[in-house]
Amino acid sequence: MTSILKRLIEAFSLKTRGGYASPQTPTIYETPVIPLSDVMKLYERDPACKASVDLLAASTVGMGFYTTVNKNYEKAEDAKRIVDKFNEEANLDALLCDMARILIACGNDFWLKITPERLTELNRLPVDAVERIHQTYIKEKGLKLPYQVEGYKLRQSYGGEILRKEAVIHWRINCLDISGFGTGVLQVLLHSLVLQSDRRPAYAWMKAKIEKQK
């Protein structure tokens with residue numbers, strides 16, 4: 001656990017503590033182990049990786065959003081019409097298709113709620129827009145447990161601002177250990193492996209080297 005924390009923690013700021021569930025617990029600033037932009041480069045430049053991800057995404061999405069309604073509800077038709085109109089205006093089908101590819105490849109996708117208090121307008125952020133996830137921990141009397149996400153810091157190229165958690169929908173899969181980031185199917189291809197004194201290069205590197213020699 002200690003080695004994992006050392007790898008994930010970039011900065012550690014100590015604030016006044018007020019109890020186990022206090023929002024003033026220590027804050028962890030976490031970045032992905034492998035930059036998500038590197039994962040997307042593998043998706044964009046390796047035909048086999050792209051084809052695999054696209055196939056999984058198409059199988060997952062299927063026909064897209066389909067609204068069902070309880071016909072016994074007095075205003076069933078109005079309710080379905082309102083939901084379908086929202087889906088059309090927000091273009092949820094397109095968002096779902098785009099999100100599925102990125103989510104499967106990278107394990108993460110970020111949607112910005114233009115009006116955080118109301119789900120009326122959505123905008124997908126570039127997958128590499130979020131530089132860090134700000135996450136608080138409970139650290140009192142021997143306890144050290146993940147508490148909750150507090151915000152998302154954007155890269156300087158995207159303004160460098162910190163978005164509060166209410167403004168972001170963070171889709172993620174395969175969260176490992178205490179990480180706030182998910183893990184997609186392509187990350188494993190970019191990881192090297194150290195076993196005792198032996199080091200195995202990343203599969204993506206080995207595959208590219210073999211293809212270059214052909």
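1. A salt bridge here is a side-chain nitrogen of Lys or Arg within 4 Å of a carboxyl oxygen of Asp or Glu. With that in hand, look at Lys-50 and Asp-54, whose side chains meet in such a bridge at 2.8 Å, N to O. Please keep in mind as you read that this is a predicted model.

2. Where do Lys-50 and Asp-54 sit relative to one another? Both belong to helix α3 (residues 47-61), and because they are four residues apart there, about one helical turn separates them. Lys-50 counts as partly exposed, at 35% relative accessibility. Asp-54 is also classed as partly exposed, with a value of 24%. In general, side chains of opposite charge can pair when their charged atoms come close.

3. A few overall numbers may help you get your bearings. The chain has seven helices and ten strands. It contains 214 residues, and 36% of them count as buried. If you take the contacts between residues at least 6 apart in sequence, 55% of these join residues at least 24 apart. The search of the whole structure turns up nine salt bridges, and a few of them are picked out in this note.

4. A second salt bridge worth a look is the one between Glu-131 and Lys-153, where the closest N and O atoms are 3.4 Å apart. Glu-131 is in strand β5 (residues 130-138) and Lys-153 is in strand β6 (residues 145-154), so this pair ties together parts that are 22 residues apart in sequence. Is Lys-153 buried or exposed? Its relative accessibility is 14%, so Lys-153 counts as buried, the cut-off for that label being under 20%.

5. The third pair is Glu-211 with Lys-207, and here the closest N and O atoms lie 2.6 Å apart. Both are found in helix α7 (residues 203-213), four residues apart, which means that about one helical turn separates them. Glu-211 is partly exposed, with a relative accessible area of 43%, and Lys-207 is partly exposed too, at 29%. This pair also has company: salt bridges that share partners join Asp-46, Lys-207 and Glu-211 into one network.

6. Now to Met-40, which lies in helix α2 (residues 36-45). Its relative accessibility is 10%, so Met-40 counts as buried. Which residues does Met-40 touch, leaving aside its neighbours within four places in sequence? The answer is Ile-102, Cys-106 and Val-127. Lys-50, from the opening point, is ten residues along the chain from Met-40, and their C-alpha atoms are separated by 9.5 Å.

7. Two of those Met-40 partners lead us to helix α5. Helices α2 and α5 pack at an angle of about 110°, and their axes are 10 Å apart. That angle makes α2 roughly perpendicular to α5, because angles of 65 to 115 degrees are given that label. On the α2 side, the contact is made by Leu-36, Val-39, Met-40 and Tyr-43. On the α5 side, Arg-101, Ile-102, Ala-105 and Cys-106 take part.

8. Helix α5 itself has 15 residues, and from its first C-alpha to its last it reaches 20 Å, close to the 21 Å expected at 1.5 Å a residue. The buried residues of α5 include Leu-92, Leu-95, Leu-96, Met-99 and Ala-100. Ile-102, Ala-105 and Cys-106 are also among them. After α5 comes Gly-107, which has a positive phi, near 85°.

9. What span should the 15 residues of helix α4 (residues 76-90) have? At 1.5 Å a residue the expected value is 21 Å, and the end C-alpha atoms are 21 Å apart, which agrees. Buried in α4 are Ala-76, Asn-87 and Ala-90. Seen down the axis of α4, its buried residues fall within an arc of 85°, so they line one face of the helix.

10. What do the buried residues of α4 pack against? Their partner is α5 (92-106). The exposed residues Glu-77, Arg-81, Ile-82, Glu-88 and Glu-89 are on the other side of α4. Following α4 you will find Asn-91, and its phi is positive, near 55°.

Definitions and conventions
Residues numbered from 1 in each chain as written. Predicted model: local features only at pLDDT ≥ 70, side-chain atom pairs only at ≥ 80, totals over all residues. Heavy atoms only, no water. Helix = DSSP H or I, 4+ residues; strand = E, 2+ residues; numbered from the N terminus. Buried < 20%, exposed > 50% of the residue type's maximum accessible area, 1.4 Å probe, protein only. Contact = heavy atoms within 4.5 Å. Expected span 1.5 Å × (residues − 1). Arc of directions from axis to C-beta. Axes fitted to C-alpha atoms, helices over the stretch in contact; angles between N-to-C directions. Parallel < 35°, antiparallel > 145°, perpendicular 65-115°, else oblique.
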